[in-house]
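I opened the file to go through the aromatic side chains and then whatever else turned up. The entries follow in the order in which I looked things up.

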Amino acid sequence: MKPTVEQIGNLLALKRHERPDEGYWQDFLCEFHHNQREQAVKKTGLMSLIARFSATFSDLGPSKWAYGAGLAYATLTVAFFLTPRGVDVEKTPAAPVNYQVVPAPAPAVEQLDQLDLSPSTKGSAGEQVF
């Protein structure tokens with residue numbers, strides 16, 4: 001049944017004179033803020049994190065799952081080709097180390113003795129002048 005214009009006017013006139021109790025708005029505000037704080041506490045817990053995670057993945061369609069799988073496959077392929085391979089190192093057999101010092105050969109001293117390094121020779125002892 002559809003109300004007539006007269007019935008609607010009577011209802012509005014009746015409601016115009018109704019007023020809430022004195023503390024109604026203060027109680028309403030306190031209850032509203034209390035509910036907001038409760039919801040904020042619920043959002044910070046582990047269960048809310050799991051609920052948001054499941055809601056995110058339940059909203060995805062099949063095409064988005066396919067795009068995600070393709071992106072994951074491409075990422076793994078690139079990572080496979082860019083990771084360095086292990087280098088094969090040949091291990092040489094251990095050999096004992098000889099700690100004896102071998103003296104320099106004597107012919108080097110004999111060659112120095114044969115050189116005439118006096119200032120009077122002026123390059124006739126085998127030196128080259130450039």
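**Entry 1: aromatic pairs.** I began with the rings, and the count came to 5 aromatic pairs. I looked at Tyr24 and Phe28, whose ring centres are 6.5 Å apart with the planes at 20°, so I logged the pair as stacked. The planes have to be under 30 degrees apart for that label. The model is a predicted one, and I treat each distance here as a computed value from that model.

I then checked where these two residues sit. Tyr24 and Phe28 are both in helix 2, 4 residues apart, which is about one turn of the helix. Tyr24 has a relative accessibility of 41% and is therefore partly exposed. For Phe28 I read 44%, so Phe28 is also entered as partly exposed.

Which ring pairs with Phe28 further on, and how is that pair classed? I found Phe32, with the centres of the two rings 6.4 Å apart and the planes at 15°, so this pair is stacked. Phe28 and Phe32 again lie in helix 2 with a spacing of 4 residues, about one turn of the helix. Phe32 has a relative accessible area of 41% and I noted it as partly exposed.

**Entry 2: the cluster and the surface.** I asked which residues form one aromatic cluster. Tyr24, Trp25, Phe28 and Phe32 do. I then looked up the surface patches and met these names again: Tyr24, Trp25, Phe28 and Phe32 make a nonpolar patch of about 470 Å². Phe28, a member of the patch, lies in helix 2, which I have as residues 24-43.

**Entry 3: a histidine in helix 2.** I stayed in helix 2 and went to His34. Is His34 buried or exposed? Neither label fits, because its relative accessibility is 41% and it counts as partly exposed; the partly exposed class runs between the 20% and 50% limits. The side chain of His34 is joined to that of Glu38 by a polar contact of 2.9 Å.

**Entry 4: salt bridges.** How many salt bridges does the structure hold? I found 1. The partners are the side chains of Lys15 and Glu18, at 3.4 Å from N to O. The cut-off is 4 Å, so the pair qualifies. I checked the exposure of both partners: Glu18 is at 44% relative accessibility and thus partly exposed, and Lys15, with a relative accessible area of 46%, is partly exposed as well.

**Entry 5: a loop arginine.** I moved on to the loop between helix 4 (62-82) and helix 5, where I found Arg85. Its relative accessibility is 53%, so I entered Arg85 as exposed. What does the side chain of Arg85 reach? I traced it to the backbone oxygen of Thr83, at 3.2 Å.

**Entry 6: the whole chain.** I left the overall figures for late in the session. The protein has 5 helices and 0 strands, and I wrote the order along the sequence as α-α-α-α-α. Of its 130 residues, 2% count as buried. I noted an accessible surface of about 13,300 Å², with 65% of that belonging to carbon and sulfur atoms.

**Entry 7: confidence.** I looked up pLDDT to see how far to trust the coordinates. The mean for the protein is 79, and 79% of the residues reach 70 or more. Where is confidence lowest, and where is it highest? I have the lowest in helix 5 (residues 107-114), with a mean of 62, and the highest in helix 1 (residues 5-16), at 89. Where pLDDT is low, the predicted coordinates should not be read in detail. I took no contacts from helix 5 into these entries.

Notes
Residues numbered from 1 in each chain as written. Predicted model: local features only at pLDDT ≥ 70, side-chain atom pairs only at ≥ 80, totals over all residues. Heavy atoms only, no water. Buried < 20%, exposed > 50% of the residue type's maximum accessible area, 1.4 Å probe, protein only. Patch = residues over 30% accessible without salt bridge, like charges linked within 9 Å, V, L, I, M, F, W, Y side chains within 5 Å. Areas by Shrake-Rupley, 256 points an atom, 1.4 Å probe, with all protein chains shown as cover. Helix = DSSP H or I, 4+ residues; strand = E, 2+ residues; numbered from the N terminus. Polar contact = N/O pair within 3.5 Å; in protein donor to acceptor, adjacent residues only side chain to side chain. pLDDT = per-residue confidence, 0-100. Phe/Tyr/Trp six-rings, centres within 6.5 Å; stacked < 30°, edge-to-face > 60°.
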